[in-house]
Amino acid sequence: MYLGCAGVLLAGCASMPDGGDLRGVESTPRQDPQVRVFALPPRENASPAEIVQGFLEALTSDDPQYETARKYLTGKASHQWRPERSITVLDDGPNPVAEHTGNRESGDDYAFDLAGRRVARVDGQHVYSSDAGSYAKTIHLVQDKGSKQWRIDALPQGVVIGASDFQRNYESVNKYYFASNGPTTAAGRLSTVADPVYVRKQVDPVTQVIQALLKGPTRWLAPVARSGFPSGVALRRGAGALTPNDQNRLTVPLNKAADRVGSGQCARMAAQLLFTLQDLTPTGVTSVELQKSDGTQLCALDEDHAQDIASHGTAKRPEYEYFIDDKHRLVRMTAGGTDAEQVPGALGEGTAPLRAAAVSRDERTAAGVSADGRSLYVGSLVPDAPLGSAVLRSQGASPDDRLTTPSWDSRGDLWVADRNPQDPRLLLFEKGAGEPVEVATPGLDGRIDAVRVAGDGVRVALIVEKGGKTSLQIGRIEREKSAGDGNGNGTGNDGGGAGGADSGGARARTVVSILELRSLMPQFEAVTAMSWAGDSRLVVVGRESGGVQQIRYVQVDGSTPAGSAPASLTGVKQIAASEDERLPLVAFSEDGIVRLSSGAQWQKVIKDGTAPVYPG
């Protein structure tokens, strides 16, 4: 038997036959999270087939440093093998095919071709990315002349594993950083941004995540996120495994690079740790203590004070859900309620009939798109607030070629796309007013059909149409100020707009760009609706080629989050979710406005209504 089981007795642990043909490594069934699976070393006089099989199974175990897997390698191969370099995920376990390559009389040389269908890859920064394609690598074995034992002497770098074993062994965790150009609240709180990574579930995940956090944001996010930890800060050598105590307090010993950190910066560092670790342990981490290299306290922070430092994504629950009623007015109902009321102000009075709307995150302002899709209005949500002229008009010939549903970011800026085929544009109104900034979208291949900005203000999700197909894409928002020329003309790149005047009389403009767009859910050929549903998760409505409509969750890295997908629903046209994952999904379907709470089925709320939204 090549995998040992600890924690409880398991039926059906992977076993190794003593003879017969070599077969593909079948992915291990999902196990109870308390079950630990450990590899067994090679038996005496194991055949080449058994060595390969045992090694591949050892890669699926909870062996912390792959010590047992290395026993299947020669000394030189073990020294050169870097399992931490990458993880290749195959749809099924790798399929080894034997090919005898040595002297057929002595039989001292074998090779096995590993084949499979690649579905994803996790790189050295623990970042997941979809990576469909064929996989073909070779494992080579030799027989030791003295001991006559077979061992692997050449193999691909990293780890190769089946999809179900990957789901059993690894979990996605959000590291948290601060948005480089993100908003700062009136109270001086920073904005956090989630940076998901995959770590091994049963192999000291707390220490793994802290080490990943200290190394800084992953490459894609790094241009728009910053860490409170100074460069060079790491765990103190010999720190060992880190676990919270009985009071859910975690002590984190740091190296000398942290010794001179001031109290304010240390508090920000501690806040990052708390946000990152909040859901990682069964009971959470409620406070952290950071230590200097000599073991003395650098600072300590609890979860309540962490909220004073940074505005975390789920810190504020929306007060209302919003939608457009049968009179084309913006209405609202308390989150989870069933009675709708007009919003205060002109947008709730029907002064301008609407087909879509967006409400600012502080729920004080709203933007509405006219029933014909041509005009965009912005109004205050206070009684008797008047409605001014449209801030934007589309010249698209038909309603489907005009304005999308708008979206507010956490800075208070308003985003909307004009789908006019003659002049497709993504636009931003700073603080919801003034002249629009045209957002640069290098790398965009198609027309934007929907736009949703994340609560962190540095990521945006887009539905992009090209050739009759629609896809879900996510991009990074970068902002900069460029100097003017004294005549109100900026000198930066394309995509600028109006900004404030500087002391020299020249007007600066904001240059906003969406960079490094990447596709999510490439298996969908038609994405019809989407919404942010957490700090690093979206809910998506779409269908695969030849398939039926589905509602699915997807992580921003393209992976499927743990847990079940939302219950099926017929004829979904629009969907809304809150970044506070405790709140229900709301959708517009053929049954009207419907709601899905956790652990329940879809429930009808109001028959006559469309375009549901949460603030944002």
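In what order do the three strands of the open sheet with mixed pairing stand? The legends below take that up, along with a few other spots in this predicted model.

**View 1. The whole protein chain, before zooming in.** Start with the overall tally: the protein chain holds 38 strands and seven helices. Of its 616 residues, 52% are buried. Look at contacts between residues at least 6 apart in sequence, and 58% of them turn out to link residues at least 24 apart. As for the outside, the accessible surface is about 27200 Å², with carbon and sulfur atoms accounting for 45% of that.

**View 2. The mixed sheet of strands 12, 13 and 14.** Here's the answer to the opening question: the order is 12-13-14, in an open sheet whose pairing is mixed. Strand 12 (249-253) and strand 14 (297-302) sit at the edges with a single partner strand each, so each has one side with no neighbour in the sheet. On average, and ignoring direction, neighbouring strands here are turned by 15 degrees against each other. Zoom in on strand 13 (residues 287-291) and you'll find it running antiparallel to strand 14, with five bridges joining the two. One pair to pick out is V288 with its bridge partner L301 in strand 14. Helix 6 packs on this sheet and touches strand 12, strand 13 and strand 14, its direction making about 50 degrees with that of strand 14.

**View 3. Helix 6, the one packed on that sheet.** Helix 6 covers residues 263-277, and its 15 residues reach 21 Å from first C-alpha to last, close to the 21 Å expected at 1.5 Å a residue. Is this helix largely enclosed or largely open? Eleven of its 15 residues are buried, so helix 6 is largely enclosed by the rest of the structure. The buried set includes C266, A267 and M269, then carries on through A270, A271, Q272, L273, L274, F275, T276 and L277.

**View 4. Helix 1, buried from end to end.** Helix 1 spans residues 48-58, and eleven of its eleven residues are buried, so the rest of the structure largely encloses this helix. Among those buried residues are the charged-letter entry E50 and its fellow E57. P48, A49, I51, V52, Q53, G54, F55, L56 and A58 are also on the buried list.

**View 5. Around S370 in strand 20.** S370 belongs to strand 20, which runs over residues 365-370. Its relative accessibility is 8%, which is under the 20% cut-off, so S370 counts as buried. What does the side chain of S370 make a polar contact with? That's the side chain of D372, at 2.6 Å. Setting aside neighbours within four places in sequence, S370 is in contact with P353, L354, R355, S375 and Y377. H328 is 42 residues away along the chain from S370, yet their C-alpha atoms are separated by 8.9 Å.

**View 6. The antiparallel sheet of strands 31, 32 and 33.** This one is another open sheet of three strands, ordered 31-32-33, with antiparallel pairing. Strand 31 (524-532) and strand 33 (550-555) are the edge strands, each pairing on one side only. Neighbouring strands of this sheet are turned by 35 degrees against each other on average, direction ignored. Strand 32 (residues 537-544) runs antiparallel to strand 33, and six bridges hold the pairing. For a landmark, find V541, which stands opposite I551 in strand 33.

Terms used:
Residues numbered from 1 in each chain as written. Predicted model: local features only at pLDDT ≥ 70, side-chain atom pairs only at ≥ 80, totals over all residues. Heavy atoms only, no water. Buried < 20%, exposed > 50% of the residue type's maximum accessible area, 1.4 Å probe, protein only. Helix = DSSP H or I, 4+ residues; strand = E, 2+ residues; numbered from the N terminus. Expected span 1.5 Å × (residues − 1). Pairing = 2+ DSSP bridges. Axes fitted to C-alpha atoms, helices over the stretch in contact; angles between N-to-C directions. Contact = heavy atoms within 4.5 Å. Polar contact = N/O pair within 3.5 Å; in protein donor to acceptor, adjacent residues only side chain to side chain. Areas by Shrake-Rupley, 256 points an atom, 1.4 Å probe, with all protein chains shown as cover.
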